[in-house]
Structures are given as C-alpha cells and as structure tokens.
Amino acid sequence: MGWVKIPVRLRWVFEDIETLNRLALRGEIPLIKISYALFPEVWERYQALPVGAALGRGCGPLLVASEPLSPEDLSRVEVWLPGEHTTAHLLFRLAFPEARHRRFVLYHEILPALISGKARAGVLIHEERFVYEKRGLYLVRDLGAWWEEETGLPLPLGGPVVRRDLPEGLKSALTRAVRESLRLARERFPELLPFIRSYAQDLSREVISTHISTYVNEYTEDLGEEGQRALQELVHRAGAKGARDLVWGER
C-alpha cells in the first residue's frame, strides 16, 4: 500500500506456506517467509530476520479428528497435513513417530475434508484452529502444548528469512521496514481489514482478530534471546545439529 518506504523495489508474491517453502529451497528469492522446520535445508543460504516471526506460546498446530480418537489410534489412521516441509508436519512427526500414514495437502483443504468425512484426522493451522469445535471436530493433541512440555520453550512456527549474500545495509533496511509495517498495521487495522479478509479462510472479524493477536506478539517484534534459543532447539530436533548463526545479527 506504499505506507513503508524502502530503498529497493519489491514484488509481492502471496502463496500458501508449503509453496513458499518450496520456493525457498530453490534459493532464488531474497526475502521470503518460510516454516522454521525448513531451516535444516536452507540455513546455509538464508538467515532469519529478528522481526516478523510467528513464534509464541499457545499458538501451535492442532491435531483434530472427525471422531474421538486416542493417540494410539493414529498408527492406523491417515492424517492430513499442511505440507511436507511445514513446522506442523515436523511437530507431528516428532510427537507421533509411529503414525506413518500421512497425506500432504494445502492447509485450507484439511478442515473441509474433516467436516465432510473425507478425512478422519488432520493437523490444523491458521484460522482453522479457532473454529474446529464449532464444526463438530475433536481435539486429539495440541502440538504446540506438546512442544512446550517437551522443551519449556515457546514454539517457533515460521517467519521471514533473508539471503545471506545480500548487503548488510539492505538487510538492515528490510528489518526496519518489517518492524515499521507491524507498527502501522496495528495503528491502521480497520483500513487493512478488507485486504486481510481477501486472503482469510474465515471472514468473521472476531476470528481474524484472535488469529492476529495469537501470532503477532512480543516475539514478532523481536525474537530476543529466548526466541533464538527456541529456533535453535527446533532446528536441532529437526536433525541439523550443526546449524548455526541462524538469525541476522543487527536489530
């Protein structure tokens, strides 16, 4: 909308998170949002910006089902997941290693499939995690709560990353621009609501506001020491024990 001035010309691309993850694997886009679970595959090329992350407590993906299921049932049930490279999939794999019947689809296909009976179990992210009970679905496991119990840390879901080979001055300008955009978005939320609704799965203002307040928090403003420890722990558990220098240093 032209509210934030930066020294380069940007071309905005809006895609679901798994498409963004696959674009990041190609390494061609200088600034892109990814699932932090992808970091083991891209950390040598990208660093996280210290601002703009979806990271916190009480914000994790939810494993839900169309009928009451126990965790022991999962070894026999196909579970729908919002992309192979997502943090939701990583958490599910870590929490339920024996559940091997997995189907990867676009995140917005999971809730309708559960409601219609096409799927028996699935992992919900974004707005869907706030409305599943009203749609007659059952919680099997809060994967964010599982992470917090296991690690004592907030859950790092995803955020913007920048290519390591960009000039330091440009990284600094992009960091400032993201931080300024967050400030303006809070101040001018009513003006942004039509734009947000054009990409939302649930159009109610209550769900949209709850969604934003859940994922935009103090860690979004600045990862800080705890946020960086959480990101390092996630990357370590994903298998990249040698990954380092994950977050761009200037704040």
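Is histidine 85 buried or exposed? In this predicted model, histidine 85 has a relative accessibility of 12%, and because the cut-off for buried is under 20%, it counts as buried. You'll find histidine 85 in the loop that links strand 5 (79–81) to helix 3. Its side chain makes a polar contact, at 2.8 Å, with the side chain of glutamate 18. If you skip the neighbours within four places in sequence, the residues in contact with histidine 85 are Glu18, Asn21, Arg22, Leu25, Ser35, Ala37, Leu38 and Glu41.

Glutamate 18 takes us to helix 1, which covers residues 17–26. Ile17, Glu18, Leu20, Asn21, Leu23 and Ala24 are buried in this helix. What do those buried residues pack against? Their partners are strand 1 (31–35), helix 2 (39–42) and strand 2 (46–48). At the N-terminal end, aspartate 16 acts as the cap of helix 1, with a side-chain oxygen 3.1 Å from the backbone nitrogen of glutamate 18. So glutamate 18 is worth a click in your viewer: its backbone nitrogen faces that cap, while its side chain makes the polar contact with histidine 85. After helix 1 comes glycine 27, with a positive phi near 70°.

Now for the sheet. Five strands make up an open sheet in the order 6-5-7-4-8, and the pairing is mixed. Strand 6 (102–104) and strand 8 (138–142) are the edge strands; each has a single partner strand, so one side of each has no neighbour in the sheet. Going from one strand to the next, the twist averages 30°.

The individual pairings show where the mix comes in. Strand 4 (residues 62–65) runs antiparallel to strand 8, and four bridges join the two. One bridge partner pair here is leucine 62 with aspartate 142 in strand 8. Helix 5 (residues 143–151) packs on the sheet, where it touches strand 7 (121–124) and strand 8, and its direction makes about 25° with that of strand 8. Strand 4 also runs antiparallel to strand 7, again with four bridges, and leucine 63 stands opposite valine 123 of strand 7. Strand 5 and strand 7, on the other hand, run parallel and are joined by two bridges; valine 79 has alanine 121 in strand 7 as its bridge partner.

Which way do the residues of strand 7 point? Some background first: side chains in a regular strand alternate between the two faces of the sheet. In strand 7, Ala121 and Val123 point one way, Gly122 and Leu124 point the other way, and all are buried.

That leads on to the nonpolar packing. The largest nonpolar core contains 55 residues, and Phe39 and Phe92 are the ones with the most contacts inside it. Helix 3 (residues 87–95) supplies the largest share of this core, five residues. Beyond its neighbours within four places in sequence, phenylalanine 92 is in contact with Leu63, Leu74, Val79, Leu81, Ala99, Arg102, Val123 and Leu143. Several of these have come up already, including Leu63 and Val123, which stand opposite each other across strands 4 and 7. There is also a second, separate core of 14 residues, with Leu114, Val131, Leu137 and Val207 among them.

Next, a helix pair. As a reminder, two packed helices are described by the angle between their axes and the distance between the axes. Helix 7 (residues 189–197) and helix 8 (residues 205–215) pack at about 100°, and their axes are 12 Å apart. They are therefore roughly perpendicular to each other. Phe189, Leu193, Ile196 and Arg197 from helix 7 meet Arg205, Ile208, Ser209 and Ile212 from helix 8.

Finally, the C-terminal part. Glutamate 226 sits in helix 10 (residues 224–237) and counts as partly exposed at 25% relative accessibility. Its C-alpha atom is 7.5 Å from that of leucine 153, although the two residues are 73 apart along the chain. Outside its neighbours within four places in sequence, glutamate 226 is in contact with Arg57, Leu153, Pro154 and Tyr219. In the segment after helix 10 lies aspartate 245, which is partly exposed with a relative accessible area of 48%. Most residues other than glycine have a negative phi. Aspartate 245, though, has a positive phi, near 50°.

Technical notes: Residues are numbered from 1 along each chain as its sequence is written. This is a predicted model: local features need pLDDT of at least 70, side-chain atom pairs count only at pLDDT 80 or more; totals for chains, interfaces and linings use all residues. Side-chain values use heavy atoms; hydrogens and water are left out. Two strands pair if DSSP finds at least two bridges between them. Axes are lines fitted to C-alpha atoms, for helices over the stretch in contact, and angles run from 0 to 180 degrees between N-to-C directions. Contact means heavy atoms within 4.5 Å. A nonpolar core is a set of buried Ala, Val, Leu, Ile, Met, Phe, Trp, Tyr and Cys residues joined through side-chain atoms within 4.5 Å. Buried means under 20% relative accessible area, exposed over 50%, partly exposed in between (1.4 Å probe, protein chains only). A polar contact is a pair of N or O atoms within 3.5 Å; within protein, one must be able to donate a hydrogen and the other to accept it, and residues adjacent in sequence count only if both atoms are side-chain atoms. Angles under 35 degrees count as roughly parallel, over 145 as roughly antiparallel, 65 to 115 as roughly perpendicular and the rest as oblique.
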